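Trainee: Could you take me through one part of this model up close? I'd like to see how it sits in its chain and what it touches.

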Amino acid sequence: MKRIGVFICHCGINIKATVDVERLTEELAEYPGVAYIENYVFMCSEPGQKLIKDTIIEHKLGGVVVAACSPTLHETTFQDALEEVGLNRYQLEIANIREQCSWVHDDIEEATRKANLIIKTAIERLKLNDSLYPISASLTKRALIIGGGIAGIQAALDIADGGYEVILVEKEPSIGGHMIQLSETFPTLDCSQCIMTPKMVAINKHKNIKLFANSEVESIEGFVGNFKVSIKRKPQYVDPDKCTLCDDCTPVCPVVVPSEYDEGMSWRKAIYIPFPQSIPATFTIDTENCLGFNPIACTKCSDACGPDAIDYDKKPEYFEEEIGAVIVATGFDLYPVENMAEYGYGKYPDVLDGLQFERILSATGPTGGEMHRPSDGKIPKEIVFIQCSGSRDPERHNPYCSRICCMYTIKHAKLYKHKVHDGQPYIFYIDIRSGGKRYEEFVQQAVTEEGIVYFRGKVARIYKEADKMIVSGIDTLTSKKIEIKADMVVLAQAIVPNFNAAKLINTLKLNTDENGFLIEAHPKLRPVESLQAGLYLAGTAQGPKDIPDAVSQASGAAAKVLALLSNDEISHSPIVAIVNEELCSGCGICVSACPYGARELDEIKKIATVNDVLCEGCGACITACPSSAAQQKNLTDEQVFNMIKIYSYL
Amino acid sequence: MKEYKPKIVCFLCKWCTSAGADLAGTSRLKYPSSILPIRVMCSSRIDPMFVVKAFLNGADGVFIGGCHPGDCHYHEGNYHTRRRFVMLTKIFDTLGLDSKRLKLSWISASEGTKFAKVSNEYTEEIKSYGENPSKLNVFL
C-alpha cells in the first residue's frame, strides 16, 4: 500500500484560527494509509517545502496530501517539490481547508470536523492515483495571423522578427485595416498613413512573412502546435507580376460604385486599387459590379491593358498550410448608423459617422483634406459632434463604452478648427474618458486653447431647417435646452465586432461575449489568450481599444506565440480520458460527447480511442459511456465513490 | 437534543463553482459546514451514479455546481449536466426517492456571494426536510 504523508498548513493563523490543527494531526495519524503526519506554520515557505521533501526521503513516502489553501494557488509549488526528490508530481493531492473551510466557518468544532473529512477525501483519492507524465507532441514552428489591420501587422512583424514564419491572411485586397483610413491620430496628431505604411511595406518585404490578401480562412483542424488550415484566395483577375500599376484600366471602366476606402463618399471603378499605398500593390476587379464577366458586355479594361495582365477566367485558389499557433485580429466595424433614426442619418447627407469624417479630414480623402460638407460642398461653420452614439445605451443600442470616441471626437474638433479657423465645434458628451497617456492633456489643451464647447447631455433629435440642421438637446449641467443650427453633424458611432468575422470565429470555435467580442482566457491575467490552446487574440476583435492598446496587445500575443514556438515540443496535461478496451462496445456515444474531437472510433478494433493531445480532460465522455469503459486518469469513478463514502457515511 | 446537521455532498466544477467557492472564502463569507465539496474538472464529469451513491450512502442532499449556460470552460459540458439532472430528478421520482433534495445551480468564478447564499439557503431547505429517509434502504 502507498505510504502517504499528510502535511497540514496553519497558514499563519488563517487556518489555525478555526481549524484545530493539532487535533487533526492526532486524529488522522491512525487513518489507514497515513505513514506520516505533520503540521507546520507555512507549508508553502522554503522550510515548509524542505520539510515535505526531507520527509518523502526519510519515510519513503509514495504520496503526499497537503492540507492548505486552494489548489489553484500552490498545487504546482508542491508538485515541483515532490519532483525535486524523485516522486511523481501526480502523487500529490491538495486538501482545500482554507478557502472552502477555515475561512467560511466560525465554529472551531465544526470547521475541524469538516477539515478532517476534506483531508480524508484527498487521502482516498491519492491512494488510487497513478504516476503520470506530461504528454509531449511535436509542433510546427509557424504562426497564422488572421486580419491585416494594425494589430495583425504588428503581431506578424514581431513573430517574423523573432525568426519564425508567419502566414498573414487578409480578406480585403489590401492590408491596412481601418487605421489606414484615419487622418491624424491622437494624442500626437501624427499622420496615420505616415506611421502605418512603413509597417505595411515591411510586411511585403519580410522574408519570413507570406501574405495572403483577398483571402479567407476556410477551415482549421488540429490542436495547439499542430493546426492545419485551409485558405481560399479569391481571384483578383489582375496578375500582380504583369501589372505595372499604370492605371490605364480605370479611366476606361464604365462602372462606378461607392468607394469602401472613402466610406462611400467618393467613387471608384469596378477595376480598382483600394488606395495608392495598397499592399499588395495591384489592381483588383470587383466581380459583383464588373460587366466583363459577361464577355460580350465589356472588355474595356482588358483592351486597355498594355501588359495583358487581366484574366477574367481566374479561379479561386486553395492552400493547405500547417501552423502551430493562431492570432485572431479580425478588428471592428462601426455600429450601423441606420440604427440611429433620431439623428437623421441617411435622411440628411451632412450627418456623418466618425470614419466618414476621418476621410474628409484626410489628405487622401474625397475632398483632398479640405473641409467641405457632402451635400453642397459648403464649408461648415458650425459643427456638432455627438459622442456615445450607439454606446452606453443598454436599452436601445450597446451597453458598453467604445473607449476611443471621447478621444477621437476631441481630435476631430481640433483638426476641424485647424482647417476652419472661424468655425465653431460643439460636442455632446456623457462623460469624458481620457485615461491614456497624455490624453487628458490633449483634451484640456483643446478646451482651453481651441475654444471647443462641450455640452453634457444627449441629443434628442435632429431636424432640417433651410440648409441647416437643428440639433436639439439638453445640457444636463445647466438643465437648459440647447438648440444649435449646425452645418454638419458627426456621430461617434460605437465600435462593434467585424460583421464578416462571425463565421470565421465559429469555425475557430472561439467564444464571444454577449456583444460579440472575443473572450480572453482571463480578463486580467491572460488577456491575449483565448481558452482554446494555441489561439490568441489581438486588437479590437477582443474589445474596443485605441491604437496603442491594439499594438500592445498584438505584441503581447506575438510574445505568447514566440514562447510557444520556441519549444521543440509541447507538453500537455496527462489528466485525460482512457478506454478500457475489454469493456468498450464501440457504441460511439463518447465521440458525440467530446467537444474537442479527441474521441474517435477505431474501425478495425471496433472500439473508441482517445487522442491524448486533443483531450482536455473534462470528463464528459466518461459520464456518457454506458459501459463504464471510459475513465478519467486520477479521477476514476472508483476514486470518486471512495470520496463520496467519506462524506456520506458519518 | 443535538442540533440536526445535514450532510450535503457538493460536486463543484473546477473552473466556475469551485472557484466561486474559493472566492466566497477569500471574501470571508459564512455558510454552514454541512457543505462538503468534491472538485471535478467539469460538471459533465458528474455521473448520475455519483449522486445516487451519495444519496443512498446517507447524504441528506446533493448539490451540483457548474458554469452558467454558455460559459462552460469546455464549451458544452454544462448542457450535458443540465439534461442529466432533469433525467435524474425524474428517475428519483419514479423510484420514490426525494428529488427535492437534489440541487443544480450555475455559479461563476466571480459569484462568491451567490455560492454562500445558495449554500445557506440550501442547507436551511434540507434542514426543513430532516434526515434523508432513504439511507437505510441501501440497494446499490
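Mentor: Let's fix one term before we start: a residue is buried if 20 or more other C-beta atoms lie within 10 Å of its own, exposed if 12 or fewer, and partly exposed in between. By that count, buried residues make up 48% of the 650 residues in chain A. Keep in mind that this is a predicted model.

The part I'd pick is helix H17 of chain A, residues 637-648. First, a quick look at the chain around it. Chain A has 17 helices and 34 strands, and its C-alpha trace spans about 95 × 70 × 40 Å along the principal axes. Of the contacts in chain A with a separation of 6 or more, 70% are between residues 24 or more positions apart. The chain is divided into domain 1 (4-127), domain 2 (142-234 + 316-331 + 500-565), domain 3 (236-314), domain 4 (334-496) and domain 5 (576-632). Between domain 1 and domain 3 of chain A, the C-alpha centres lie 72 Å apart.

Now walk up to the helix itself. In the loop between strand E34 (630-632) and H17 of chain A you'll find Asn634(A). Its phi is positive, near 60 degrees, and it isn't a glycine. Asn634(A) counts as buried because it has 20 C-beta neighbours inside 10 Å, and 20 is just where the buried class begins.

Next, a sanity check on the geometry. H17(A) has 12 residues, so at 1.5 Å a residue it should span 16 Å, and its end C-alpha atoms are indeed 16 Å apart. If you're wondering about the arithmetic, the expected span uses one less than the number of residues.

Which residues of H17(A) are buried? They are Val640(A), Met643(A), Ile644(A), Ile646(A), Tyr647(A) and Ser648(A). The cover over them includes H5 of chain A, and also strand E1 (8-13), strand E2 (35-40) and helix H2 (48-57) of chain B. In other words, elements of both chains help cover those buried residues.

That brings us to the contact between the chains, which takes 37 residues from chain A and 34 residues from chain B. On the chain A side, the elements giving two or more residues are helix H4 (98-102), helix H5 (108-127), helix H16 (620-624) and helix H17 (637-648). H17(A) supplies the largest share of that side, eight residues. By type, the chain A side divides into 18 nonpolar, 10 polar and nine charged residues.

For another helix contact in chain A, try H11 (405-419) and H12 (439-450), whose axes come within 10 Å and cross at roughly 35 degrees. The crossing is left-handed. From H11(A), Met407(A), Ile410(A), Ala413(A), Lys414(A) and Lys417(A) meet Tyr439(A), Phe442(A), Val443(A), Ala446(A) and Glu450(A) in H12(A). That contact divides into seven nonpolar, no polar and three charged residues.

Finally, set Asn634(A) beside another positive phi. Leu189(A) isn't a glycine either, and its phi is about 60 degrees. Leu189(A) lies in the loop between E8 and E9 of chain A, but it is partly exposed, because it has 13 other C-beta atoms within 10 Å. Pro187(A) also has its place in the loop between E8 (184-185) and E9 (190-191), and the peptide bond from Phe186(A) to Pro187(A) is cis, with omega near -5 degrees.

Definitions and conventions
Residues are numbered from 1 along each chain as its sequence is written. Chains are lettered from A and ligands numbered from 1 in the order in which they are written. This is a predicted model: local features need pLDDT of at least 70, side-chain atom pairs count only at pLDDT 80 or more; totals for chains, interfaces and linings use all residues. Two residues are in contact if their C-beta atoms, placed from the backbone, lie within 7 Å. Helices (H or I, at least four residues) and strands (E, at least two) are DSSP runs, numbered from the N terminus. Ala, Val, Leu, Ile, Met, Phe, Trp, Tyr, Cys and Pro count as nonpolar, Asp, Glu, Lys and Arg as charged, and the others, Gly among them, as polar. Axes are lines fitted to C-alpha atoms, for helices over the stretch in contact, and angles run from 0 to 180 degrees between N-to-C directions. A crossing is left-handed if the near helix is turned anticlockwise from the far one by less than a right angle, and right-handed if clockwise. Domain bounds come from an automatic or database domain assignment.
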